[in-house]
Amino acid sequence: MGKGYGYGKVILFNEHFVVYGIPAIASAIDKKTIAEVKKCHGREFIIHDNREETPGYKKEKLEQQKESIRLIKKAMGIDECIEIWLSGDLRAASGVGASAASCAAIARAIADEFGMKFSDEEINEFAYEGEKAYHGNPSGIDNTCATFGGLVWYEKGKKMELLKIEKPVEIVMGDTGIVANTKKAVEGVRERREKYKEKYDKIFEEAKQLVYEAREALLSMKLDRVGELMNKNHELLQEIEVSSPELDFLVSVARKAGAYGAKMTGGGLGGYMVALTPGKELQEKVAKAIEKEGYYALRTRIGI
Ligand code: PMV
């Protein structure tokens, strides 16, 4: 039996903008997907998905998941039938890098089962291939976090850079419970960007300037500034129409409960939001406020 893992992630700055070569900042979180793989007889693969989930997620993503496994097997040159078990403490949902975490975990588990030695860079390539089934045209940020872990400065097509911060910082991620389609969200931005070129160019330029300031604020642990910039980033994401009423609601609940900043995270149109909540006490306060409204809150940390 081969075994592998992949981290969940949170995008702190510039999801969507990252698809167009603008830098983004993301972090692995301390939740993982575990894959176990065993050679078997018969069909191309059998999958047992035992991950906890946002209701409906696994059913909605099943066809993309199957295609993703085909792409990973092809990239790794595996023709044999494999049986796959997915588990771990990363709840399968939109916006938390669940698909990328599973791709990295599956690639590692296949390598382990077939006795193949690959570097993390190569595993990352295979996970990227698998992500194509979920995203269409992935920027690569999710699989990079899923494979390597850490706090990541990411520019499409360039080698990612690990950012070191003084100590991990608490965050809360609130789940709207809506299973979102990242591919659709990404396509929507592409269409509107072509249609409203001037407006979008301006927003994209703002996103670019903001992320350099966010990097400096994070590295010098100016967390109140990081929070303000997350709020600003949320506005830009609203302007390109990838937020949703539920995301906006949870963002305002978190801010009212004292979060330093809050924004949607990932593909948007549902899925997760993230709030910056340094310290266990504030984290608990914000998580409770989200739960009081009837939503799932994930307590985790960035910069692990
Ligand atoms: O929805 P998620 O968590 O898979 O994140 C998607 C991030 C995007 O920037 C919207 C797309 C991409 O490929 O980077």
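**A tour from strand β7 to the nonpolar cores**

Begin by selecting β7 (residues 169–175; strands are DSSP runs of E with at least two residues, helices are DSSP runs of H or I with at least four, and both are numbered from the N terminus), a mostly covered strand in which seven of seven residues are buried, where buried means under 20% relative accessible area and exposed over 50%, with partly exposed in between, for a 1.4 Å probe and protein chains only. The model is predicted, with local features needing pLDDT of at least 70 and side-chain atom pairs counting only at pLDDT 80 or more, while totals for chains, interfaces and linings use all residues. Residues are numbered from 1 along each chain as its sequence is written, and side-chain values use heavy atoms, with hydrogens and water left out.

Show the side chains of β7 next: V169, I171, M173 and D175 point one way, E170, V172 and G174 point the other way, and all are buried.

Now add the partner strands, bearing in mind that two strands pair if DSSP finds at least two bridges between them. β7 pairs with β10 in the antiparallel sense over seven bridges, and V169 stands opposite I302 of β10. β9 also runs antiparallel to β7, joined to it by five bridges, with V172 opposite A275 of β9.

Select α9 (residues 280–292) next, a helix of 13 residues that reaches 18 Å from its first C-alpha to its last, close to the 18 Å expected at 1.5 Å a residue, the expected span being 1.5 Å times one less than the number of residues. L282, Q283, V286, A287 and I290 are buried in α9. Seen down the helix axis, the buried residues of α9 fall within an arc of 130°, so they line one face; the arc is that of the directions from the axis to the C-beta atoms. These buried residues pack against β7, α8 (245–256), β9 and β10, contact meaning heavy atoms within 4.5 Å. Turned away from the buried side is a face carrying the exposed residues K280, E281, K285 and K292. After α9, look for G294, whose phi is positive, near 95°.

Finish with the largest nonpolar core, a core being a set of buried Ala, Val, Leu, Ile, Met, Phe, Trp, Tyr and Cys residues joined through side-chain atoms within 4.5 Å. Of its 62 residues, F13 and I25 touch the most other members, and helix α6 (residues 197–219) supplies the largest share, nine residues. A second, separate core of 25 residues includes V37, I82, I84 and A109.
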